[in-house]
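Got your viewer open? Let's take a walk through this model, one selection at a time.

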Amino acid sequence: MSCLFCRIVDREIPASIVYEDDRLLAFTDINPQAPTHVLVIPKKHVPSLNDLQPEDDRLVGELVRRAAAIAHERGISAGGYRTVFNTNLDAGQTVFHIHLHLLGGRSMQWPPG
Ligand code: 5GP
Ligand code: ZN
C-alpha cells in the first residue's frame, strides 16, 4: 500500500500541482498555513530526513532549489519565505514521505511553535 504522497505522485489522489519533472513534484498544501503553502517532494519514496543516503544529495539539492524557484515565481523571494522539513513526532511530521514546506506571503514569527 503506497503512502499518501506516493498516491499523489501516481495521480491516485488529486492535488493542485504547481511543478513536476521526472524527479520532483510540487503541489499546494490542502490546509494552507500562509498565502503560499506549497509542498515540494521527491517522487522517490523516502520516509524522512533520517532515511536520506549519500546518493540522495543531488535530489535534495534539486528539492531545495525548486522551492526557491517557486518562491521566485510567486514574487516572495525578496520579501522572504520559510522552508521547513518536519521530522518525526516532536516536529509534528504527519506524512512519512519527505516534503519541503514552502511558506510565504505573510510575516512569520520565530521561534516556531
Ligand atoms: P507534515 O506535518 O508531515 O510536515 O506535513 C504534512 C502536510 O501535508 C500538512 O501540511 C498537510 O496539510 C498536508 N496534507 C495532508 N494530506 C494532504 C493531501 O491529501 N493533499 C495535500 N495537498 N496536502 C496534504
Ligand atoms: Zn511515499
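**Stop one: the ligand and its contacts**

Start by selecting valine 95 together with ligand 1: a backbone N or O atom of valine 95 lies 3.0 Å from an oxygen atom of ligand 1. Keep in mind as you go that this is a predicted model.

Next, add histidine 99. One of its polar side-chain atoms lies 2.8 Å from an oxygen atom of ligand 1. Then click on threonine 28, where a polar backbone atom is 2.9 Å from a nitrogen atom of ligand 1.

How much of ligand 1 does the protein bury? Taken alone, ligand 1 exposes 520 Å², and the protein buries 83% of that.

**Stop two: the surroundings**

Switch on the surface if you like: ligand 1 sits in the largest pocket. Two elements each give two or more residues to the shell around ligand 1, namely helix H1 (4-9) and strand S2 (24-28). Which one gives the most? That's H1, with three residues.

Now select the 16 residues around ligand 1; Asp29, Asn86, Thr94, His99 and His101 come nearest. Color the shell by class and you should get seven nonpolar, eight polar and one charged residues.

**Stop three: the hairpin**

Stay with S2 and bring in strand S1 (residues 17-20). S1 and S2 run antiparallel and are joined by three bridges. Between the two strands of this hairpin there are three residues.

For a last click, pick isoleucine 17: its bridge partner in S2 is phenylalanine 27. While you're looking at strands, here's a handy rule: in a regular strand, side chains alternate between the two faces of the sheet.

Note on methods: Residues numbered from 1 in each chain as written. Chains lettered and ligands numbered in written order. Predicted model: local features only at pLDDT ≥ 70, side-chain atom pairs only at ≥ 80, totals over all residues. Heavy atoms only, no water. Near = heavy atom within 4 Å. Polar contact = N/O pair within 3.5 Å; in protein donor to acceptor, adjacent residues only side chain to side chain. Areas by Shrake-Rupley, 256 points an atom, 1.4 Å probe, with all protein chains shown as cover. 1 Å grid on protein atoms, 1.4 Å probe; cavity = no way out; pocket = protein on both sides within 12 Å on 5 of 7 lines; lining within 4 Å. Sits in = over half its atoms within 2 Å of the grid points. Helix = DSSP H or I, 4+ residues; strand = E, 2+ residues; numbered from the N terminus. Nonpolar A, V, L, I, M, F, W, Y, C, P; charged D, E, K, R; others polar. Pairing = 2+ DSSP bridges.
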